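User: I have a model open and would like to learn how to read it. Can you take me through the features one by one?

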Amino acid sequence: ITFLLGNNTSVGSIEGNNTGGIQLGGPGNDYAEWLPRLDARETIVPGDIVGIVGGRVTRDTREASQVMVVSTGPIVSGNDPGEAARGGFAQVAFIGQALVKVRGPVQAGDFIVPSGLDDGTGMAIAPESVSAEQLAQVVGEAWEAATGAEVKNVRTAVGFIRNDVALRRV
């Protein structure tokens, strides 16, 4: 099954995978869920680092039980509240790749943590320099480098980081 735009361009497919199963294909790059916003009036956009407070999303990460990123292109998105209610929700990436708003220079392999400005941005920390407090707020691992002090979108692997030197050290 192929989903097409009006100009016959494929935007995704469900097809056999030659091993007796099926695969979902398309340009999306993370697995997300719709989570309710803590404050429906707060502006939250794709790429924002957000805190999860009582199961609700906010750009204020200070009281967050978990820090995540708003999806920039999910291939799968669960918990859809329906089109009419989506304004009070945000699609949060649970695992995969997402473009994350990062302030300052980044090296591939750096951990991305909240900037502390509660503006949806993060900053890069080298794994060997991460503190225990920062490790608890890691959004993901940068998969590309970027220079400059400005905010830029950085391709980041999000989800649980299992086998890193920093985890073993801390």
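**Reading the model**

Analyst: Asp118 sits in the loop between β10 and β11 (122-125). Keep in mind that this is a predicted model. We can start with this loop and work outward.

User: What is the phi of Asp118?

Analyst: The general idea first. Most residues other than glycine have a negative phi. Asp118 has a positive value, near 50 degrees, and is not a glycine. Its relative accessible area is 23%, so Asp118 counts as partly exposed.

User: Which other residue should I look at for a positive phi, and where is it?

Analyst: Look at Asn18. Asn18 is not a glycine, yet its phi is positive, about 65 degrees. Asn18 lies in the loop between β2 and β3. With a relative accessible area of 82%, Asn18 is exposed.

User: How do I read the strands around that loop?

Analyst: Strands of a sheet pair through backbone hydrogen bonds, either parallel or antiparallel. Here β2 and β3 form a hairpin with five residues between them, and Asn18 is in the turn. Strand β2 (residues 10-16) runs antiparallel to β3, and four bridges join them. Pick out two positions on the screen. Ile14 stands opposite Leu24. Ser13 has Gly25 as its bridge partner in β3.

User: Which strands make up that sheet, and in what order?

Analyst: The order is β1-β2-β3, an open sheet of three strands with antiparallel pairing. β1 (2-4) and β3 (22-25) are the edge strands, each pairing on one side only. Ignoring direction, neighbouring strands of this sheet are turned by 10 degrees against each other on average.

User: Is Leu24 buried, partly exposed or exposed?

Analyst: Leu24 lies in strand β3. Leu24 is partly exposed, with a relative accessible area of 47%. Now compare sequence with space. Leu24 and Gly55 are 31 residues apart in sequence, and 28 Å separate their C-alpha atoms.

User: Why is strand β5 described as largely enclosed?

Analyst: Count its buried residues. In β5 (residues 49-53), four of the five residues are buried, so the rest of the structure largely encloses this strand.

User: Which strands pair with β5?

Analyst: Two to look at are β7 and β6. β5 and β7 pair in the antiparallel sense over four bridges, and Gly51 stands opposite Val67 in β7. β5 also runs antiparallel to strand β6 (residues 56-58), joined by three bridges. There, Val53 stands opposite Arg56. The hairpin of β5 and β6 has two residues between the strands, and Gly54 takes a positive phi near 60 degrees.

User: How do I read a nonpolar core?

Analyst: In soluble globular proteins, nonpolar side chains tend to be buried together. The largest nonpolar core here has 16 residues, and Val69, Val106 and Ile112 touch the most other members. β7 (66-70), β9 (89-103) and β13 (151-158) each supply at least two residues of this core. The largest share, four residues, comes from β9. Another core, of nine residues, lies apart from it, with Ile44, Met68, Val70 and Ala90 among its members.

User: And empty space?

Analyst: Rolling a probe the size of a water molecule over the atoms shows where empty space is left. The count is one cavity of 30 Å³ or more.

User: What lines the largest cavity?

Analyst: Its volume is about 30 Å³. The lining consists of Ile49, Arg59, Thr61, Pro114, Ser115, Asp118, Asp119, Gly120 and Thr121. By class, that lining has two nonpolar, four polar and three charged residues. Asp118, our starting point, is one of the lining residues.

User: What is the volume of the second largest pocket, and which residues line it?

Analyst: The second largest pocket has a volume of about 170 Å³. Its lining includes Thr61, Arg62, Val113, Pro114, Gly116 and Asp118. Met123, Ser131, Glu133, Gln134 and Gln137 also belong to the lining. β10 (111-114) and α1 (132-135) each supply at least two lining residues. By class, the lining of this pocket divides into three nonpolar, five polar and three charged residues.

User: Where do I see Asp118 again?

Analyst: Asp118 lines the largest cavity and also the second largest pocket.

Methods: Residues numbered from 1 in each chain as written. Predicted model: local features only at pLDDT ≥ 70, side-chain atom pairs only at ≥ 80, totals over all residues. Heavy atoms only, no water. 1 Å grid on protein atoms, 1.4 Å probe; cavity = no way out; pocket = protein on both sides within 12 Å on 5 of 7 lines; lining within 4 Å. Points joined across faces, edges and corners; volume = space filled by probe spheres on them. Nonpolar A, V, L, I, M, F, W, Y, C, P; charged D, E, K, R; others polar. Core = buried A, V, L, I, M, F, W, Y, C linked by side-chain atoms within 4.5 Å. Buried < 20%, exposed > 50% of the residue type's maximum accessible area, 1.4 Å probe, protein only. Pairing = 2+ DSSP bridges. Axes fitted to C-alpha atoms, helices over the stretch in contact; angles between N-to-C directions.
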